[in-house]
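Colleague: I should like to learn how to read the features of a model, beginning with its charges. Please give the general idea before each case.

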Amino acid sequence: MTAFTNSSESNMYVYESADALTYRLLKGPAYTPPTGLIRDPSLIRHTDGYYYLVHTTDWTGNTIGFARSRDRTTWQFVAQHTLPVSGLARTWAPEWFVDTDGSVHVVVSLDTTNTFTFRPHLLTATDASLTRWTIPRPVAGLDRANYIDTFIVRHGGVYHAITKQETTKYLEHAVADSLAGPYTFTGTGDWAGWGSWREGPALVQLDNGGWRIYFDGYAEGKYYYSDSLDGLRTWTPIRELPGLSGFARHFTVLRERV
């Protein structure tokens, strides 16, 4: 698990857990980018054996940052990638998505009007080094309102997006047959009982086949989790994440067999 923290938006901490609940610090700080922030660090393991990060680089601007590591503790800067989007004022909360065909994508929230109105966009890697990317394109069905912090998983042959409705502060659920959409909302408002003023969702599949979602209760200064055992339809009451609630922020969890 990779996170920034309440104590620093420029230092990344790395944790690990055997049960997706009790996390121990692997290294922290583990990485500081050459410039800017490391908010919203998202983690994958690529086919070349490296772990890769993508992260928010600043409160304003048109870039996302990349870094990589062999062991999760020693990281090296890869690049700041400039998104060729006209009028781009803010580039926030990038998240990896690796599809079943091996293609690698980033879903990122873009404000092109300088009004803090965000639309999820999709980039696709065009080479194995993850240094060349397609031009960002809006995610159909999620681009009609102010959505941010979009996290996508594939389950049961369907793409599921959990995304923050920035106006109402609820985490909402949409589904599609294609990664690029169009997405249809199946859960809006307080559909899951998580409450409002939630952001930064991250999902991971559990050993029992269910799913766990983590999210930031930022108004309360707490971090929560909730589980689904029926294919992301219904969820358990939220619980505070032990040990890290109030410290770790906007993290992504990568499930690996070791």
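Modeller: In such a count, Lys and Arg are positive and Asp and Glu negative, while His and the chain ends are not counted. The place of a charge is taken as NZ of Lys, CZ of Arg, CG of Asp or CD of Glu. In this protein, the mean positions of the 23 positive and 26 negative charges are 2 Å apart.

Colleague: What conventions apply to the model itself?

Modeller: The model is predicted: local features need pLDDT of at least 70 and side-chain atom pairs count only at pLDDT 80 or more, whereas totals for chains, interfaces and linings use all residues. Residues are numbered from 1 along each chain as its sequence is written, and side-chain values use heavy atoms, with hydrogens and water left out.

Colleague: How many helices and strands does the protein have?

Modeller: Helices (H or I, at least four residues) and strands (E, at least two) are DSSP runs, numbered from the N terminus. Here there are zero helices and 20 strands.

Colleague: What does the radius of gyration indicate for the protein?

Modeller: The radius is taken over C-alpha atoms, and the globule rule is 2.2 Å times the number of residues to the power 0.38. For 258 residues, a compact globule would have a value near 18 Å, and the 17 Å of the protein agrees with that. The C-alpha trace spans about 40 × 40 × 35 Å along the principal axes.

Colleague: What percentage of the residues is buried?

Modeller: Buried means under 20% relative accessible area, exposed over 50%, and partly exposed in between (1.4 Å probe, protein chains only). Buried residues make up 55% of the 258.

Colleague: Which peptide bonds are cis, and how should positive phi values be read?

Modeller: Most residues other than glycine have a negative phi, and most peptide bonds are trans. The bond from G28 to P29 is cis, with omega near -5°, and P29 lies in strand 3 (residues 24-31). The bond from G181 to P182 is also cis, with omega near 10°; P182 is in the loop between strand 14 (170-176) and strand 15 (184-187). As for phi, D40 is not a glycine, yet its phi is positive, about 60°. H250, likewise not a glycine, has a positive phi of about 45°. D40 belongs to strand 4 (residues 39-45) and is buried at 7% relative accessibility. H250 sits in strand 20 (residues 248-252) and is buried at 6%.

Colleague: With which side chain does T56 make a polar contact?

Modeller: A polar contact is a pair of N or O atoms within 3.5 Å; within protein, one must be able to donate a hydrogen and the other to accept it, and residues adjacent in sequence count only if both atoms are side-chain atoms. The T56 side chain makes such a contact with the side chain of D40 (2.6 Å), and reaches the backbone nitrogen of A93 at 2.9 Å. T56 itself lies in strand 5 (residues 51-56) and is buried at 2% relative accessibility.

Colleague: Is R212 buried or exposed, and what does its side chain reach?

Modeller: R212, in strand 17 (residues 211-217), counts as buried at 9% relative accessibility. Its side chain reaches the backbone oxygen of A20 at 3.0 Å, and makes a polar contact with the side chain of D227 (2.7 Å). Contact means heavy atoms within 4.5 Å; residues up to four places away in sequence not being counted, R212 touches several others, including L21, Y225 and W235.
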